[in-house]
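Please look over the sequence and the structure shown here, and then read the report below alongside them.

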Number of protein chains: 2
Amino acid sequence: MAKHWSLPAVDALRSDGLRIADLDTSGTPGFDGAKAEGLACLAERATVLSGLQEKLYANGRSGDKRSVLLVLQGMDTAGKGGIVRHVIGSVDPQGVDHAAFGVPTEKEKHHHFLWRIRKELPGGGQLGVFDRSHYEDVLVVRVHDLVPPEVWQPRYDEINAFEKELVDEGTTLVKVAMFVSLDEQKKRLSERLERPDKYWKFNPSDIDERAFWPAYQQAYQVMLDRTSTEYAPWHVIPADRKWFARLAVTELLIAALETLELDWPAATFDIEEQKRRLAEV
Amino acid sequence: MAKHWSLPAVDALRSDGLRIADLDTSGTPGFDGAKAEGLACLAERATVLSGLQEKLYANGRSGDKRSVLLVLQGMDTAGKGGIVRHVIGSVDPQGVDHAAFGVPTEKEKHHHFLWRIRKELPGGGQLGVFDRSHYEDVLVVRVHDLVPPEVWQPRYDEINAFEKELVDEGTTLVKVAMFVSLDEQKKRLSERLERPDKYWKFNPSDIDERAFWPAYQQAYQVMLDRTSTEYAPWHVIPADRKWFARLAVTELLIAALETLELDWPAATFDIEEQKRRLAEV
């Protein structure tokens with residue numbers, strides 16, 4: 001087990017039976033250390049993650065169709081971007097397939113909600129990252145009645161079927177829902193209004209959305225209850241402490257990569273023969 | 001000027017009039033330090049690059065259409081992948097658009113050679129990275145007669161027109177041609193045959209290609225002569241020393257970003273009003 005963890009992160013953070021209303025967003029479930037230990041672990045484990053990702057990439061280049069897909073969900077300011085910058089930032093960009101899903105374009109709206117998602121799926125050997133995802137179609141869409149219930153209700157089952165298909169095709173899903181408290185969000189939004197280098201991250205609609213907090217909490221709860229499956233479980237990350245959220249996602253990715261039992265691809269050529277050939281030219 | 005540089009990298013590495021045949025691939029043009037200083041500069045300047053890239057990304061998110069596109073060309077083992085891993089790896093993956101161009105697919109072959117390139121152009125605010133590029137269509141294609149001369153000959157002009165269009169639309173091109181010596185390539189290929197964690201990077205055809213070295217040198221020379229323009233100049237990087245190549249590309253990217261004179265985007269809302277609104281919810 002990784003240092004300072006009393007329980008593997010995959011178990012400590014698993015969403016099963018969890019009520020969001022009861023979640024301590026400043027907690028560090030499974031991790032016994034404080035911030036200093038957390039940051040030390042993060043630096044150490046980033047190297048492990050990077051090594052595993054290189055093996056995934058190497059295997060992909062050698063024809064392995066398997067991939068890993070990190071799905072990030074969370075309210076504004078929950079720290080999704082920070083995960084990409086600080087966790088995904090520690091691995092080789094050659095093996096990263098990053099996609100951020102915003103408000104659907106007119107063209108996307110004319111397609112099934114999974115259409116734009118499928119286009120961004122990671123290829124073999126890639127570490128895919130979805131900053132928001134198909135889950136927006138049962139979150140913001142549900143909260144703001146963007147489509148009627150008879151359209152979004154069946155989406156939970158559609159999503160489960162879709163993810164089953166991905167898993168069967170060799171994609172390991174790492175689904176992460178990040179939660180900050182309403183107070184912590186206020187603090188983070190305030191900071192964006194205080195610092196000129198943060199204005200660009202602020203949108204007045206972020207404040208409007210705060211009025212819908214309870215509706216979002218409910219939509220997230222239903223999402224966890226209905227789409228956390230054996231083959232693609234949700235993990236819930238208390239995200240008031242940025243260092244913990246980053247460490248937690250690092251551990252979840254390491255665990256996912258470890259289950260693939262990756263080794264360096266074997267040579268597909270006669271090594272000695274190639275050495276002789278190279279010696280001649 | 002950056003520390004230890006006697007001449008800005010953009011000037012020291014500019015391809016104008018350069019004969020590849022005369023290039024010292026183990027040189028460090030413009031840089032007066034040795035490896036230790038180089039590595040120290042690299043660490044320091046990576047932070048500068050990362051800060052500038054964040055501003056580019058912030059402006060893109062705020063509607064700025066400008067982008068930067070790094071075009072990497074070089075023979076096998078020249079270190080293109082290392083540039084992506086170690087230079088691009090120091091910036092936020094959210095703002096990176098990476099594309100590697102291999103042998104064209106059947107579908108791609110049925111299109112104009114720039115078709116697949118256009119599809120991967122970076123959007124506003126993005127740092128695009130092309131690992132190989134449209135230049136393969138006047139390099140490997142020319143060396144191996146994959147299409148007749150009457151097809152590849154006009155491509156130099158087509159490429160210049162294409163790049164002019166990109167520049168006019170707000171893309172700053174950073175074109176980098178990396179050169180190792182034939183001996184250094186042998187050393188690097190040997191290493192790939194010695195280390196099981198490197199087998200996957202080796203392909204027997206890499207050895208076949210060595211026989212075409214002079215033809216490639218010639219094709220690269222014509223490429224530099226015909227497609228280094230005022231608006232999209234080539235830079236030539238001696239790449240036997242990996243630390244120098246990485247530092248050089250870091251400097252070229254910093255210089256490109258600095259010409260954009262980026263500032264943090266101004267607030268598009270009334271800051272005080274938003275503070276009042278936030279205080280209420």
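## Surroundings of A:Ile88

In this predicted model, A:Ile88 is in contact, once its neighbours within four places in sequence are left aside, with A:Leu70, A:Ile83, A:Val96, A:Leu127, A:Val129, A:Leu253 and B:Pro93. A:Ile88 belongs to the loop between α3 and β2 (96-100) of chain A, and with a relative accessible area of 1% this residue is buried.

A:Trp115 is 27 residues from A:Ile88 in sequence, and the C-alpha atoms of the two are 25 Å apart in space.

## Relation of the two chains

A turn of 180° with a shift of 0.0 Å along the axis lays chain B on chain A, and the RMSD is then 0.0 Å. The two copies are therefore related as by a two-fold rotation axis. The same surface serves both copies, given that 100% of the contact residues of chain B recur in chain A.

## Aromatic rings and a charge over a ring

Over all chains, the structure holds 22 aromatic pairs. One of them is formed by A:Trp5 and A:Phe31, an edge-to-face pair with 5.4 Å centre to centre and 65° between the planes. Because A:Trp5 lies in the segment before α1 (9-12) of chain A and A:Phe31 in the loop between α1 and α2 (35-61) of chain A, this pair ties together parts that are 26 residues apart in sequence. Both A:Trp5 and A:Phe31 are buried, and ring pairs link these two residues with A:Trp243 and A:Phe244 into a cluster.

An arginine is also found over an aromatic ring in each chain: in chain A, the charged end of A:Arg155 sits over the ring of A:Phe113 at 4.6 Å from its centre, and in chain B, the charged end of B:Arg155 sits over the ring of B:Phe113, likewise 4.6 Å from its centre.

## Two buried charged residues in chain B

B:Glu209 has its place in helix α10 (residues 204-210) of chain B. What is the nearest side chain of opposite charge to B:Glu209? It is that of B:Arg132, 7.5 Å away, and B:Glu209, although buried, has no salt bridge. When neighbours within four places in sequence are left aside, the contacts of B:Glu209 are with B:His144 and B:Tyr216.

B:Arg246, in helix α12 (residues 242-259) of chain B, has a relative accessible area of 18% and counts as buried, because that value is under the 20% used as the cut-off. Not counting residues up to four places away in sequence, B:Arg246 touches B:Leu42, B:Gly82, B:Ile83, B:His86 and B:Val87. B:Val87 is 159 residues away from B:Arg246 along the chain, yet their C-alpha atoms are separated by 6.3 Å.

## Positive phi outside glycine

A:His4, a residue other than glycine, has a positive phi near 75°. A:His4 lies in the segment before α1 of chain A and is partly exposed, with a relative accessible area of 33%.

A:Thr77 is not a glycine either, and its phi is positive at about 75°. Is A:Thr77 buried or exposed? With a relative accessible area of 8%, A:Thr77 is buried, and its place is in the loop between β1 (67-74) and α3 (80-86) of chain A.

Note on methods. Residues are numbered from 1 along each chain as its sequence is written. Chains are lettered from A and ligands numbered from 1 in the order in which they are written. This is a predicted model: local features need pLDDT of at least 70, side-chain atom pairs count only at pLDDT 80 or more; totals for chains, interfaces and linings use all residues. Side-chain values use heavy atoms; hydrogens and water are left out. Copies are superposed by least squares on the C-alpha atoms of residues with pLDDT of at least 70 in both. Contact means heavy atoms within 4.5 Å. Rings of Phe, Tyr and Trp (its six-membered ring) pair if their centres lie within 6.5 Å; planes under 30 degrees apart count as stacked, over 60 as edge-to-face and the rest as tilted. Helices (H or I, at least four residues) and strands (E, at least two) are DSSP runs, numbered from the N terminus. Buried means under 20% relative accessible area, exposed over 50%, partly exposed in between (1.4 Å probe, protein chains only). A charge sits over a ring if NZ of Lys or CZ of Arg is within 6 Å of the ring centre and within 35 degrees of the ring normal. Lys and Arg count as positive and Asp and Glu as negative; His and the chain ends are not counted. A salt bridge is a side-chain nitrogen of Lys or Arg within 4 Å of a carboxyl oxygen of Asp or Glu.
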